[in-house]
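Hi,

Here is the structure I said I'd pass on. Have a look at it first, and my notes follow underneath.

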Amino acid sequence: PPLSEAQWQAEFAAYQRATSLFEQAIAAEPSNSYAHFDFGRAVQWPEAQLAVHLFDRADELDPLVPVASGLSALALDRLGMKDAADLRLRDFVARAGESKSSRVIGALESYRGRLDAAAELADRPQPPQQSRDLHWDV
């Protein structure tokens, strides 16, 4: 069911507060890759261009955790930047390994309407979660 006006206003106010808190966290500690990464996750759907910037910055700050690059690829694809998304995805797979990349690849396949490929990737066993590189949703 659609949100009531009051629910919509409450959701929007919460989003504005969260955005402000993420901006404050980044201002207080600009080298905190987690702040950039989590802010990017929070805005990846309503503000994909901002999310790309935040994911790219998180990736620059902590290149050993490549998931930001994978989420950046998904945001680029949603912006219609297919070639850039493909390049970013190739970089992500090269850095993360194919087994850790299957969820992102599957999400990209589903965005592009290739649901059989997406379903096949979803059925693959996932490696055990060991760090934040696997603690996210696409």
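Arg95 forms a salt bridge with Asp91, with the closest N and O atoms 3.1 Å apart. This is a predicted model, by the way, so please read everything below in that light. Both Arg95 and Asp91 sit in helix α5, 4 residues apart, which is about one turn of the helix. Asp91 comes out as partly exposed, at 32% relative accessibility, and Arg95 is partly exposed too, at 31%.

Arg95 has another partner as well: Asp59, with the closest N and O atoms 2.7 Å apart. Here the salt bridge ties together parts that are 36 residues apart in sequence, because Arg95 lies in helix α5 and Asp59 in helix α3. Asp59 has a relative accessibility of 16%, so with the cut-off for buried at under 20%, Asp59 counts as buried.

By the rule used here, the salt bridges come to 8. One of the others joins the side chains of Glu109 and Arg114, at 2.4 Å from N to O. Glu109 is buried, with a relative accessible area of 17%, while Arg114 is partly exposed at 41%. There is also a network: Asp77, Lys82, Asp86 and Arg112 are joined into one by salt bridges that share partners. As general background, side chains of opposite charge can pair when their charged atoms come close.

Now for the nonpolar side of things. The largest nonpolar core has 23 residues, and Phe37, Phe55, Leu74 and Leu89 are the ones with the most contacts inside it. Which elements give two or more residues to this core? They are α2 (33-43), α3 (48-61), α4 (67-78), α5 (82-96) and α6 (98-111). The biggest giver is α4, with 5 residues. A second core, separate from that one, has 5 residues, including Val52, Ala75, Leu76 and Ala85. The background here is that in soluble globular proteins, nonpolar side chains tend to be buried together.

One last residue to click on is Ser101, in helix α6. Is Ser101 buried or exposed? It is buried, with a relative accessible area of 0%. What is Ser101 in contact with, leaving aside its neighbours within four places in sequence? The answer is Phe92, Val93 and Ala96.

Shout if you'd like to go through any of this together.

Cheers

Methods
Residues are numbered from 1 along each chain as its sequence is written. This is a predicted model: local features need pLDDT of at least 70, side-chain atom pairs count only at pLDDT 80 or more; totals for chains, interfaces and linings use all residues. Side-chain values use heavy atoms; hydrogens and water are left out. A nonpolar core is a set of buried Ala, Val, Leu, Ile, Met, Phe, Trp, Tyr and Cys residues joined through side-chain atoms within 4.5 Å. Buried means under 20% relative accessible area, exposed over 50%, partly exposed in between (1.4 Å probe, protein chains only). Contact means heavy atoms within 4.5 Å. A salt bridge is a side-chain nitrogen of Lys or Arg within 4 Å of a carboxyl oxygen of Asp or Glu.
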